[in-house]
Amino acid sequence: MEYDRIMVRFGELSTKGKNKKDFIRKLYDNIKRALKTFPRVEIEMRFDHIYVILNGQDYQPVLEILQDISGIHSLSLVHKCEKDIEIIKCDALALMQLEQFHTFKVTCKRSDKTFPLISDQILRLVAGEVLRNIKDIKVDVHHPEKTLSIEIRQEGAYLFCQTFPGAGGYPLGIGGKTMHMLSGGIDSPVAAYLMMKRGMTIECIHFASPPYTQMGVIYKLEDLLHVLNRYQGKIRLHIVPFTKIQEAIYEHADESYCITLMRRMMYRLAERLAKKRNCPVISTGESIGQVASQTLQSIHVINAVTNMPIIRPCATMDKLDIIQISEKIGTYNISIRPYEDCCTIFTPKNPKTAPDLKQVEKYEELFDWQSLIDDAINNVEVKYLTDEDQIEELL
C-alpha cells in the first residue's frame, strides 16, 4: 500500500467567486513549472482540488517543492481507490497500519450522492475495520492522534491521513508585477517574499555607490535572490549607479537631511524603472519607525515625489517577526553578512526624523538632480537570476 498522489487545496482561492477558475489555472501552471524536473509526475486540475499524480515518484521532494508555492493552503498524501466499500475498508486499514497511534477517528465527505452509503455509515464501517485489526487503539473523536479522512467523489474514493501546511496566499503572477527596492538587509528580502506570497511577481532595484560600496554587496544580493528563486524562478535585478547623486546631495544639503533626500531620489529612480518595465507599483521593506527615514513624517516627505502606489508589507511588523520570517525562508544568514549598502555607509550622525518638506525642496533646487537621475537610468546594469544557478547579463 502506498500513497499515489498529493491533493492540493486552494484555501483563500475559494473566496474568489467567478474569478476562481483563473486563480486555479494560474496555480496549475505554477505547479507544472515547478515540477518540470519530475517527468513521471502528472498534474490533474479539478474545480475544487489539484492532484499531483506521483506515478512511482518519491513524494518527499515533490512535497517540499509544493510547500513553497504560494496559493496552496494545504497538501495531503492521498491514496485513490475504487468506490466499493469493501475496497475502501481494506485500503483504509492498510494505510492506518503504516501509522503509529493510540487514538484515532474517521471522517467522511460524500460528494458523490449516488454512492449507496451515507457518510455516517461509511465512517462507522471503516472505523470498525480498523479497530478489529489493529491492537491497543481506540476511537477519540475530540482529540485523536491520527485522523483518517475519506472523500467519495465521482471519479473515485480518496483516503488520506497525512496533511501538511502550504505557503498560503495567491498564485504567483496573478496579482501583476512590482518594482521591489532591495537593499540587502534583513527586511527587503522578507518584503519581497511577502509580495510574491500575495501573487505578485517581482523585479528588483538596488542602488550601488562604488567605490564606497564593495562588490560583496552585489554577491550578497545574488545569493539572496537565488534563495528567493525557490518562490519565483526568474528574477530581474536592476543595479542603479547612485554615487554621483549621493555626492551631490552631501555637497549641497545639510547632513541631517541627506537620508531624506537620498530616499526621494531612490523613489524617483524606482518610479522611472517601474514605468519602463510595466510595474504598476513599487514595494519596499520599510517598517514604520524602525529608522529615521521610516517615521511617519519622513515617509510623508519622501513619498511626495511619486503618485505611484508604494506597498510596504513589513510596515507594521516587529523586527523580531521579520527576522523570524527571514530565518524561515533562508535569507537571514545572507542578510547579516557585513557588507554595507549605500544607505548604511552614508548614514548621517543625526538624521532628521521629522524633515520639513519645504526645506527638502530648497535643497533640491541647489543642484541638477534631474540630469543625474537621467544619467543613472541610462547606466543601469541588469542581472537575471534564475533557479538554475545561472546569472546572465542582459543587454
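1. Cavities. In this predicted model, the search for enclosed space finds one cavity of 30 Å³ or more, and the largest cavity holds about 50 Å³ of space. Its lining is made up of D68, S70, A167, Y193, M196, K197 and Y231, and when these residues are sorted by class, the lining of the largest cavity comes out as four nonpolar, one polar and two charged. A reader who wishes to inspect the site in the structure may start from D68 and K197, which are among the residues that line the largest cavity.

2. Packing of α8 on α14. Helix α8, which covers residues 258-276, packs against helix α14, which covers residues 369-378, at an angle of about 50 degrees and with the two axes 11 Å apart. Because an angle between 35 and 65 degrees falls outside the ranges for roughly parallel and roughly perpendicular pairs, α8 is described as oblique to α14. The crossing of α8 past α14 is right-handed. On the α8 side the contact is formed by M265, R268, L269, R272 and L273, and these residues meet W369, I373, D374, A376 and I377 of α14. Taken by class, this contact of α8 with α14 comprises seven nonpolar and three charged residues, with no polar ones.

3. Packing of α7 on α14. Helix α14 also has helix α7, residues 243-252, as a partner, and here the axes come within 9 Å and cross at roughly 160 degrees. Since angles over 145 degrees count as roughly antiparallel, α7 and α14 are roughly antiparallel to each other. The crossing of α7 past α14 is left-handed, and the residues in contact are K244, I245 and A248 from α7 together with L372, I373, D375 and A376 from α14. By class, the contact of α7 with α14 divides into five nonpolar and two charged residues, again with no polar ones.

4. Residues of α14 that serve both contacts. I373 and A376 of α14 are listed in the contact with α8, and I373 and A376 are also listed in the contact with α7.

5. A cis peptide bond. The bond that runs from P210 to P211 is cis, with omega near 5 degrees. P211 itself is placed in the loop between β10 (201-208) and α6 (215-228).

6. A positive phi value. N55, a residue other than glycine, has a positive phi, near 50 degrees. This residue, N55, lies in the loop that runs between β3 (50-53) and α2 (59-66).

Conventions: Residues numbered from 1 in each chain as written. Predicted model: local features only at pLDDT ≥ 70, side-chain atom pairs only at ≥ 80, totals over all residues. Heavy atoms only, no water. 1 Å grid on protein atoms, 1.4 Å probe; cavity = no way out; pocket = protein on both sides within 12 Å on 5 of 7 lines; lining within 4 Å. Points joined across faces, edges and corners; volume = space filled by probe spheres on them. Nonpolar A, V, L, I, M, F, W, Y, C, P; charged D, E, K, R; others polar. Axes fitted to C-alpha atoms, helices over the stretch in contact; angles between N-to-C directions. Helix = DSSP H or I, 4+ residues; strand = E, 2+ residues; numbered from the N terminus. Parallel < 35°, antiparallel > 145°, perpendicular 65-115°, else oblique. Left-handed = near helix turned anticlockwise from the far one by under 90°. Contact = heavy atoms within 4.5 Å.
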